[in-house]
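Me: Could you take me through one part of this model closely, the place where the two chains meet? I am in my first year, so please go step by step.

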Amino acid sequence: MSVAQATSPLSIKRPSSLTRRVSWTRAREQIIRAVLFLCGALSLLTTAGIIIVLFTEAIYSFGGTAFFQSVSITDFLFDTVWAPQHPDHPRFGILPLLCGTFVIAGLGGLIGLPIGLASAIYLSEYAKPKMRRIVKPVLEILAGIPTVVYGYFALVFVTPYVLRPIFQTWLGFNVDIFNALSAGIVVGVMIIPTVCSLSEDALRAVPRGLREAGYALGSTKFDVSLKVVVPAALSGILASFLLAMARAIGETMAVTIAAGQQPRLTLNPFRGMETMTAYIVNISLGDTEAGSMEYKSLYAVALSLFVITLLMNVLAQWVLKRFREVYE
Amino acid sequence: MTLMQSFSELMHQRQQRETVNRSRPVETEVTKLDVRNLNFFYGDKQALFDVSMRVAERSVTAFIGPSGCGKSTFLRTLNRMNDIIEGTGHNGRVLLEGQDIYARDVDVVALRKRVGMVFQKSTPFPKSIFENVAYGPRVAGQNQYKALVEIVEQSLKRAALWDEVKDRMNDSALALSGGQQQRLCIARALATNPDVLLMDEPASALDPASTARIEDLIFELKQNYTIVIVTHNMQQAARISDRTAFFFQGYLIEVDATQKLFTTPTKKQTEDYITGRFG
Ligand SMILES: Nc1ncnc2c1ncn2[C@@H]1O[C@H](COP(=O)(O)OP(=O)(O)OP(=O)(O)O)[C@@H](O)[C@H]1O
Ligand SMILES: [Mg+2]
């Protein structure tokens, strides 16, 4: 026994040999490791599985049965009519669905992003701690409402009691019972919690010293919030916007109920539209025959949606990196 | 007492420099800041006890004292920076040119434009060098680009940074070195055209060369500004200040002409502190 060990004031047992031994401790480590690995692998495998299915059903399969093996990509991207159910001349132009998706997500963004950011600024810069304790749970409740409820709310409340009195009775537009605007409004409300809580995190992460420097230069609270804190938190705010938009684009139930299932290439927010997600619901729930073109078009639409959200995520990552300011 | 001798030497060197430097006639002292019986509280905890002090116009006053004695707290009462901390309170009066800055009708935003502040840790905004300096004038309502360019150039020159950054005004301020960032913060404070400049350990995070530059700068700025500076470095206080105040545990123990305070302090605590017996 070494001298150091004999005089060590701590009574921790020192391992006498460095050779590995099979022991319960070691076995347990291995098991934990394996379980964690499996969990990680599971999500990877799921993603890979989805991509493989999308690819073989939409782009290329050895039997030549994939969607794009019978419909050309140019038709898919540039034809202006989406009529997969037509008995004689089915047409598969995705533009009307893209249009529905982007009009509704755009309206949602127009409403949800500014309100979400404004409430984040309020919570982080203005609200007293007590107020914050009330508002935050309310926002979480908002985030927890099932989206089908939002859709129903748009259909039975927003359209007949808000949009029609204002835009139809008063301003003379024709407002369909299923319309993009009501869908856009509820999508906007739905993304407020996402924008608000992520932006608030970004705003709060701005060091206190920057705020003090702002005040010391004779800024009002408003100046400090808008000209110091928001620019300093820009990367986080932009990332929250992109995530919210990805959510708006992927939103399904609410827009299916509120905007209807009429593929229509128009920018008129008072008409009904069909989004990509709504079409997928439509086909999944309907009595479409497996293997038919209509059925396969689902995969083409799903693949498009997948590519769009993927691009949004990549963009969000890039923005985070590009605009990140490092504080120690 | 070798330490005190070395201070005497420092003071001597300084006097020589001052006689060379002095460009304006010696005038009768005008009181800029007048603090009377100030008590300050963080919640229930009292941080300042009955502090009274006058600060003369166009002078440098240094605050020294051990960590936690209330130097920063006192400095921050002078531009009401403590207002933004929840639950603080005070009593007593702080007069700026005779006007109580804590009076009800005082506009804090206007006060902070006149009483600028530079912090220990440089705090450049994550914007360009130009936008950093232009920030103050902008929030004060100056939006004419030409006027801003002029203010920015002048402020950077005063902060002795112009030559180093004049070709890269649109670069991020975060790309500057620590010493440059601190001078940028000084330029930014000068751009709002204050007449009092509060500095909380402005050189404590800097290397000796940058520190020397900042000290020279303070010496220059004294011609036009009233400067109050917190420092941990007693040599620095001796080099740059006209008057020095020694704080201890929330009390202002002694304030006097720097030379006098460092060579013949009247209080035992001051002497112990400057001779390094504690703190
Ligand atoms: N925000 C605050 N809330 C509560 N107490 C505070 C706060 N800031 C400072 N204090 C307390 O007030 C006392 C004075 O602090 P202050 O920061 O003024 O000291 P200081 O002399 O500047 O010290 P240092 O030299 O370390 O900067 C300390 O006891 C400190 O713990
Ligand atoms: Mg301090």
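Reply: Happy to! Let's begin with the area: chain A and chain B bury about 1900 Å² between them, and carbon and sulfur atoms give 66% of it. Keep in mind that this is a predicted model. The size of an interface is often given as the accessible area lost when the parts come together.

On the side of chain A, three residues deserve your attention. A:Glu212, A:Ala216 and A:Leu217 supply 32% of the area that chain A buries against chain B, more than any other three residues. Counting residues in the contact, you will find 22 from chain A and 25 from chain B.

Next, look for charges that pair up. The interface of chain A and chain B holds 1 salt bridge. Its partners are B:Arg76 and A:Glu212, whose closest N and O atoms are 2.9 Å apart. So why does this pair count as a salt bridge? The rule asks for a side-chain nitrogen of Lys or Arg within 4 Å of a carboxyl oxygen of Asp or Glu, and the 2.9 Å between B:Arg76 and A:Glu212 meets that cut-off. Notice that A:Glu212 is also one of the three residues that lead the buried area of chain A. Polar contacts join the chains too, with 3 residue pairs found across the interface, both residues at pLDDT 80 or more.

Which elements of chain A carry this surface? Helix H8 (208-216) and helix H9 (221-232) of chain A are the elements that give two or more residues to the side touching chain B. H8(A) has the largest share there, with 8 residues. By character, the residues on this side of chain A divide into 10 nonpolar, 5 polar and 7 charged.

Now follow chain B to ligand 1. Around ligand 1 there are 13 residues, and the closest are B:Ser67, B:Gly68, B:Lys71, B:Ser72 and B:Thr73. Helix H2 of chain B gives 3 residues, the largest share of this shell. The shell around ligand 1 is made up of 4 nonpolar, 6 polar and 3 charged residues.

Finally, zoom in on the oxygen atoms of ligand 1. A polar side-chain atom of B:Ser72 lies 2.6 Å from one oxygen atom of the ligand. Polar backbone atoms appear as well: that of B:Gly68 is 2.8 Å from an oxygen atom of ligand 1, and that of B:Gly70 is 3.0 Å from an oxygen atom of ligand 1. Taken alone, ligand 1 exposes 630 Å², and the protein buries 63% of that.

How values were computed
Residues numbered from 1 in each chain as written. Chains lettered and ligands numbered in written order. Predicted model: local features only at pLDDT ≥ 70, side-chain atom pairs only at ≥ 80, totals over all residues. Heavy atoms only, no water. Near = heavy atom within 4 Å. Polar contact = N/O pair within 3.5 Å; in protein donor to acceptor, adjacent residues only side chain to side chain. Areas by Shrake-Rupley, 256 points an atom, 1.4 Å probe, with all protein chains shown as cover. Helix = DSSP H or I, 4+ residues; strand = E, 2+ residues; numbered from the N terminus. Nonpolar A, V, L, I, M, F, W, Y, C, P; charged D, E, K, R; others polar. Contact = heavy atoms within 4.5 Å. Buried area = accessible area lost by both parts, 1.4 Å probe.
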